[in-house]
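Could you walk me through this protein? I'm new to it and would like to know what to look at.

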Amino acid sequence: MTGLARLAMAAAIALTTVISLAGARAMAAEGLITIRSAFGPEETMNRLEAEVRAKGMTVFGHIDHAAGAAAVSLPLRPTDLLIFGNAKGGTPLMQAQQAIGIDLPLKALVWQDASGVTWLSYNDPHWLAQRHGLDDATRATIEAMSGALKAISGKATMAP
């Protein structure tokens, strides 16, 4: 195992430990909201995608990282990324600070830890606003985005 692979494995173990110790809701990394799911990875992703579509958002892509790893003969627990959004929500943020486009459209990751627990993680819109130096003029958009993500992730995971 290379030094980089050992470092990546250590980071993944540390992240899993932090999340497992913190309970159902955790901030595992700065700006990342992580919620424990009551369902397995496939059902969580199916519920997530259904909720995104029910909110009138567009699904731009779905990346199955585990399938990609398997294609090159590397093991990886279920790790699926959904890329989604709505131009009415994202465009005003990019009009205020175009570089936020690097973090849009929105993304949510459904993943399974070493003990078989399924999690859903996404970037906190408030953290994105801070990261990109957005001002009070975008507050309503950020609040709406945050509320939508909380509702979508709650229904996908059945979190209270």
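Here is a short tour, from the whole chain down to single side chains.

Keep in mind from the start that this is a predicted model. The protein chain has 6 helices and 6 strands, and if you follow it along the sequence you meet them in the pattern α-β-β-α-β-α-β-α-β-β-α-α. Of its 160 residues, 39% count as buried. Take the contacts with a separation of 6 or more: residues 24 or more positions apart account for 64% of them. As for the outside, the accessible surface comes to about 8,900 Å², and 60% of that belongs to carbon and sulfur atoms.

Let's zoom in on helix α4. Here G89, G90 and L93 are buried. They sit on the same side of the helix, because the arc they cover around the axis is only 80 degrees. There's a general pattern to recall here: an α-helix has 3.6 residues a turn, so residues three or four places apart point the same way. What do the buried residues of α4 pack against? The partner is α6, residues 139–157. Turn to the other side of α4 and you'll find A87, K88 and Q95, which are exposed. The N-terminal end of α4 has a cap, too: N86 places a side-chain oxygen 2.7 Å from the backbone nitrogen of K88.

Next stop, strand β4, which covers residues 79–85 and holds D80. Is D80 buried or exposed? It counts as buried, because its relative accessibility is 13% and the cut-off for buried is under 20%. Leaving aside residues up to four places away in sequence, D80 touches M45, H62, I63, D64, H65, A108, L109 and V110. Look at L109 in particular: D80 and L109 are 29 residues apart along the chain, yet their C-alpha atoms are separated by 5.6 Å.

Now for the charged pairs. How many salt bridges are there? The count comes to 3. One of them joins the side chains of R53 and E49, at 2.8 Å from N to O. Both of these residues lie in helix α2 (residues 41–54), 4 residues apart, which is about one turn of the helix. R53 is partly exposed, with a relative accessible area of 48%.

Another salt bridge pairs D103 with R131, and their closest N and O atoms are 2.6 Å apart. This pair links distant parts of the chain: D103 is in the loop between α4 and β5, R131 is in helix α5 (residues 125–131), and 28 residues separate them. D103 counts as buried at 8% relative accessibility, whereas R131 counts as partly exposed at 47%.

Then there's the salt bridge between D136 and R139, with the closest N and O atoms 2.4 Å apart. D136 counts as exposed because its relative accessibility is 57%, while R139, at 48%, counts as partly exposed.

Last, the aromatic rings. A search of the whole structure finds 1 aromatic pair. The partners are W111 and W119, and their rings are stacked, at 6.1 Å centre to centre with 25 degrees between the planes. Why does the pair count as stacked? Planes under 30 degrees apart count that way, so 25 degrees qualifies. Both W111 and W119 are buried.

Technical notes:
Residues numbered from 1 in each chain as written. Predicted model: local features only at pLDDT ≥ 70, side-chain atom pairs only at ≥ 80, totals over all residues. Heavy atoms only, no water. Salt bridge = Lys/Arg side-chain N within 4 Å of Asp/Glu carboxyl O. Helix = DSSP H or I, 4+ residues; strand = E, 2+ residues; numbered from the N terminus. Buried < 20%, exposed > 50% of the residue type's maximum accessible area, 1.4 Å probe, protein only. Contact = heavy atoms within 4.5 Å. Arc of directions from axis to C-beta. Polar contact = N/O pair within 3.5 Å; in protein donor to acceptor, adjacent residues only side chain to side chain. Phe/Tyr/Trp six-rings, centres within 6.5 Å; stacked < 30°, edge-to-face > 60°. Areas by Shrake-Rupley, 256 points an atom, 1.4 Å probe, with all protein chains shown as cover.
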